[in-house]
Amino acid sequence: MKQACSLGLIGLLATVSASAQSLYDVGSDAQDNTPLTWILGVNAIYDDNVTPTGGGPEEESFALNPYVGASFVRTTPQTTVDLYARLGLIYYLDSPAGMEDVNSQSRLGLNVTHSVSERLRFSSRNFISYELEPDYSYGYATSRATSEYLYYQTDNSVGYRWTERFGTYTGFRVGGLEYDDAHNDRTYFEPYNQFRYQLTPQTVLTAEYRYRWTEGSGLASDTDDQYLLVGAEHRFNPNTIGVIRVGAQFHEVDLGDSSTSPYLEASLRSQVNQQFSVQAFARYGIEGYDTVVLDNTGTLVEYDDRQTFRLGVSGDYSLSQRLSLFGGIDYIPTSYEDGRIAGGFAGSPNSSFDESIFNAYVGFAVKFTDYLSGNVAYNFTDSSSDIDVREYDRNRISVGLSAEF
């Protein structure tokens, strides 16, 4: 009975949210102490389509990506602190006209959990990035970013175990996305409450309500979203955990159309064996980013209903202690509906269009010594869209060297 209660506490309060940071994140905390570790590195990159837009010439360029990073994990029976940072830049040796030569490629994350008692637990997950290239696993990018953007989010919650089997998480998320194109800047605020029931030592059932209001900038409208979700978190074995939540999303647009959509989010992480690990996510719903689009007639159109499916899979395989392979794919089909002239101006916009992003990468990493490592990677991106200027293909090859101490 004592063992069951212990597992119940872990199940009730250990996993918070599949959307806390990366969509790959199942929500588990770091388990082992890691001393302050520094990493210095540089990547040399060949890009055959630096500023991809449909119908225009493809501009190729070489770039250098120097960076410095640090990570630190401190765990005690009550508190876990997980800090990571990477400061870097991309310098294009021959950037096309109208594009900056130097762009930031920087990130900072801090996760803190603290157990006040066996029943009460606080959690804070924080992330900020200022970079050029889109990262599809964070759940906001759909098109190529041709200039730097700022992305941030913080998720703070209180977990309480009311009985041996029943617990709750109550929290508040704040996040934002800022581009040079102010029409697609967004800031959101999201209170939520999750009920958790320990069905078995391996399985927790969840029911959740979220309310998100999003403030748009420029010609973008403000929106309100409500989510009613049920789900489960299951540990298949000590090395494999999965999370799924399904339900309904109610989407309202100020001075625009309202809609209702099914909603899904799921994530999986597995250490299949000593050599092979894999992680995956899926999400479907109405997204509030990138809703103001320049259509084929040159008109700025706002789409009130932007239904998006996101699928990501990544993995790595250790061939030996020195050599490992890695790779992954992202697939993002999007349907834009209920289009209207942005800002309420007169005109006849394209009322709907479809597009999809396919992104794939593969590479290998080699450890030359205990401190020196290298890597080679290839990345392919294809954007298919009914809007001509949003359609492109892109190939990138990178070769990197890093030192850790």
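Modeller: Let's begin with a term: a strand here is a DSSP run of E covering at least two residues, and strands are numbered from the N terminus. With that in hand, we can place Arg306 in strand β15. Keep in mind that this is a predicted model.

Colleague: What pLDDT does the chain average, then?

Modeller: pLDDT is the predictor's confidence in each residue, from 0 to 100. This chain averages 89, and 90% of the residues score at least 70.

Colleague: Over which residues does pLDDT stay under 50?

Modeller: One such stretch is residues 1-10, for which the model has eight contacts beyond four places in sequence. Residues 16-20 also have a pLDDT below 50, and there the model shows 28 contacts beyond near neighbours in sequence. As a general habit, where pLDDT is low, the predicted coordinates should not be read in detail.

Colleague: Thanks! Back to Arg306: is Arg306 buried or exposed?

Modeller: The general idea is that a residue with under 20% relative accessible area counts as buried. Arg306 has a value of 0%, so Arg306 is buried.

Colleague: What does the side chain of Arg306 reach at 3.1 Å?

Modeller: That partner is the backbone oxygen of Tyr289. The side chain of Arg306 also makes a polar contact with the side chain of Thr308, at 3.5 Å. Leaving out residues up to four places away in sequence, Arg306 touches several others, including Thr142, Gly285, Glu287, Asp290, Thr334 and Tyr336.

Colleague: Now the rings. How is a pair of aromatic rings described?

Modeller: By two things: the distance of the centres and the angle of the planes. This structure holds 19 aromatic pairs. Take Tyr46 and Phe62: their ring centres are 5.2 Å apart and their planes are at 50°, so this pair is tilted.

Colleague: Which strands hold Tyr46 and Phe62?

Modeller: Tyr46 is in strand β1 (residues 34-47) and Phe62 in strand β2 (residues 61-75), so although the two are 16 residues apart, the pair links distant parts of the chain. As for accessibility, Tyr46 has 25% and counts as partly exposed; Phe62, at 46%, is partly exposed as well.

Colleague: What kind of pair do Tyr303 and Tyr336 form?

Modeller: An edge-to-face one, with 5.5 Å from centre to centre and 75° between the planes. Tyr303 lies in strand β15 (residues 300-318) and Tyr336 in strand β16 (residues 323-341), so the pair ties together parts that are 33 residues apart in sequence. Tyr303 is buried, at 1%, and Tyr336 is buried too, at 0%.

Colleague: Which residues form one aromatic cluster?

Modeller: Look for Phe127, Tyr138, Tyr140, Tyr149, Tyr151, Tyr179 and Tyr289, which form one cluster. You met Tyr289 a moment ago, as the residue whose backbone oxygen the Arg306 side chain reaches.

Colleague: Which ring does the charged end of Arg212 sit over?

Modeller: The ring of Tyr188, with 3.8 Å to its centre. Arg210 offers another case: its charged end sits over the ring of Tyr227, 5.9 Å from the centre.

Colleague: Let's turn to strand pairing. How many bridges join β1 to β2?

Modeller: There are 12, and the two strands run antiparallel. To see one bridge, find Ile39, whose partner in β2 is Gly69. β1 also pairs with strand β19 (residues 392-404), again in the antiparallel sense, over nine bridges. In that pairing Tyr46 stands opposite Ile397 in β19.

Colleague: Where is the place of Tyr67?

Modeller: Tyr67 is in strand β2, and with 11% relative accessibility it counts as buried. Setting aside neighbours within four places in sequence, Tyr67 is in contact with Ile39, Leu40, Arg86, Leu87 and Ser402, among others. Sequence distance and spatial distance are separate things to read: Tyr67 and Gly88 are 21 residues apart in sequence and 3.9 Å apart in space, C-alpha to C-alpha.

Colleague: What distance separates the C-alpha atoms of Gly159 and Arg196?

Modeller: They are separated by 9.9 Å, while lying 37 residues apart along the chain. Gly159 is in strand β6 (residues 149-161) and is buried, at 0%. Arg196 belongs to strand β8 (residues 186-200) and is buried, with 0% as well. Its side chain joins that of Gln194 in a polar contact of 2.5 Å.

Technical notes. Residues are numbered from 1 along each chain as its sequence is written. This is a predicted model: local features need pLDDT of at least 70, side-chain atom pairs count only at pLDDT 80 or more; totals for chains, interfaces and linings use all residues. Side-chain values use heavy atoms; hydrogens and water are left out. Rings of Phe, Tyr and Trp (its six-membered ring) pair if their centres lie within 6.5 Å; planes under 30 degrees apart count as stacked, over 60 as edge-to-face and the rest as tilted. Helices (H or I, at least four residues) and strands (E, at least two) are DSSP runs, numbered from the N terminus. Buried means under 20% relative accessible area, exposed over 50%, partly exposed in between (1.4 Å probe, protein chains only). A charge sits over a ring if NZ of Lys or CZ of Arg is within 6 Å of the ring centre and within 35 degrees of the ring normal. A polar contact is a pair of N or O atoms within 3.5 Å; within protein, one must be able to donate a hydrogen and the other to accept it, and residues adjacent in sequence count only if both atoms are side-chain atoms. Contact means heavy atoms within 4.5 Å. Two strands pair if DSSP finds at least two bridges between them.
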